[in-house]
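Let's take a friendly look at the charged side chains in this protein and see how they pair up. The structure comes first, then a short report.

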Amino acid sequence: MAEKYPVRMGDGHFVEMTADEIRAHLIEGSEDAADRGKIAPLEDSEYDFLLDLFTNPARVVGVPQGHEVVLTHDIGTLRLDGDQGNSGVGIPLSRLQGIQVHERAFAADTMELGHVDYSWKPVKPIIAQEQQVLENVLLSTIVPIFYGAMPNLGLYYAPDGPFGNPSDLLPMAKIDEAREAQELAVEHAIRDMVYVATKLWDVGGDAINFDTTGAAGDADFKATLHAVEQLKDSTDLAIEVGMAGEFILGMHGKLEYEGTRLAGLFPHDQVKLVEKAGADIFGPVVNTNTSRSMAWNLARAVTFVKACVEASNIPIHVNMGMGVGGSPVFETPPIDSVSRASVAMVEIARVDGL
Amino acid sequence: MNEQELMEAAAAAIVAADEEKAVELARQALELGLDPVKVINLGYSEGMKQVGDLFERGQVFLPEVIIASEAMVAAVDILEEGLPEAEREKTAGIAVLGTIEGDVHDIGKGIVATLLRVYGFEVHDLGRDVPIDVFVAKVKETGAHIVGSSALMTTTMVGQRALEQKLKDAGLRDKVKTMVGGAVVTQHWADKIGADGYAEDAQEAVQKAIEIAETMRG
């Protein structure tokens, strides 16, 4: 009887699989990415590498010395003190202390300051407070500090904003109205993001992170690209663009940037536009399918990210964690999964950072 | 144009979201004396299925799906003239949808609502941040076949379990099927709370809803 190995499913629970079964899942996952993204699947030697990872009995795996990559955290300041249901462990710490803990105890290579709303728009009325906190953080840390928030175009639609909500308008077949609302939201979001980021630059900010870009669809991505463009013209901020999902949801469907339709772009195409806009780092996301094994999910994620790295001229810091990058959907993803997924991203996809 | 060619042209008109062509073909089908139900099921619905597959693969997008569905609705309106009264009233099923109280994420749920309408469901979308009692009251009022709840946070997904219990308390649980979705929701969670259906994405949700509604109609 063939030996069986514990492999997690995308929802985190363990199943037992033979090496042949794991290999079959790896191939199927990679080919799914290749088919959707019109990119190359992994090679035989890469399937062998992944199979070794999954059959390795060690709970935690790592890369050889010299292969380490940059380890950075988005929304990290909130991860310790936050307890919002989707991240955070509820330890009462200030944001400054959270950053210091990540720098001094967790060896983070960069850190990020973020507000609990974690969207650019709500930061606008409290920008003076955020400037003050950022200044304190910058004066008491050594690692580069990002200020991070989501473009979150949802906040520009009813009931939170001035424009009609495409989620309400589209089901009523009010397509022109839904599209117009998104186009107007793009203009407002660009203005808000540029305003807030410029104010943070004024107090010496090192960098900003547009996190979870594209969460509200193609308009979200378009607003971010234009904000990046404007900020690179007017400031010397380093800019990271991190994504929300593996492809751009077409809530508008016709929006373009520099002649390229945004809806439906996968990471290897997204990065080209991010680069064109002038960003310095790109954070691709590949979503985890909870009904599939981690072997399927990880091979799929690595296939997408490998193509993205190959297409990119800027550093790629892949998003790893709850439900992304091949890791299961867990508030705090298990170390056996995260370490395997991280090794695969470094050794096969050749990412520059996690 | 023979029957088969008309079916294929009807499907193609939907994929191309060409309402004018879809309507013209529907009139032609009636003139040729074709069975309207067959033309809807094997022609226009087949086109809509292809649109759904393209949507799932990220090759067409929500506005295009809606434009295609408008073309289908216009064609079906014409074909219904050739149907008996009882057939005209039919829907694929009645669905009540909403995002659980405390949760304001509703893009995914909105897409599911739109696609269910496209596939002929009567949809009652309760929106976001919906109290459990409101779900239960709407199920009771509409006689829904399916109640779908969405949760994007681990703090709100517990509301899906409460919904199961409140439907039991109201004596409705054996009359309605429950479906759960949302980023943090999994098949394992659906099994744990006793929900009848779970889907990874909007297109899968629609397929499962169709299967469930067909089972309920027997």
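## Salt bridges in the predicted model

In this predicted model, a salt bridge joins the side chains of A:Arg350 and A:Glu347, with an N to O distance of 3.5 Å. The acidic partner, A:Glu347, is buried, its relative accessible area being 13%.

That pair has company: over all chains, the structure holds 25 salt bridges. Here are three of them side by side.

| Salt bridge | Closest N and O atoms |
|---|---|
| A:Asp32 with A:Arg36 | 3.1 Å |
| A:Arg104 with A:Glu103 | 3.3 Å |
| A:Arg350 with A:Glu347 | 3.5 Å |

Let's start with the top row. A:Asp32 and A:Arg36 both belong to helix 1 of chain A, which covers residues 19–37. They sit four residues apart, about one turn of the helix. Are these two partners buried or exposed? A:Asp32 counts as buried because its relative accessibility is 18%, under the 20% cut-off. A:Arg36 is buried as well, with a relative accessible area of 17%.

The salt bridge between A:Arg104 and A:Glu103 offers another picture. A:Arg104 is exposed, since its relative accessible area of 58% is over 50%. A:Glu103, on the other hand, is buried at 13% relative accessibility.

Finally, back to the helix 1 pair. Which residues are linked with A:Asp32 and A:Arg36 in a network of salt bridges? They are A:Glu246, A:Arg300 and B:Glu56. The network thus includes residues of chain A and one residue of chain B, B:Glu56.

Conventions:
Residues numbered from 1 in each chain as written. Chains lettered and ligands numbered in written order. Predicted model: local features only at pLDDT ≥ 70, side-chain atom pairs only at ≥ 80, totals over all residues. Heavy atoms only, no water. Salt bridge = Lys/Arg side-chain N within 4 Å of Asp/Glu carboxyl O. Helix = DSSP H or I, 4+ residues; strand = E, 2+ residues; numbered from the N terminus. Buried < 20%, exposed > 50% of the residue type's maximum accessible area, 1.4 Å probe, protein only.
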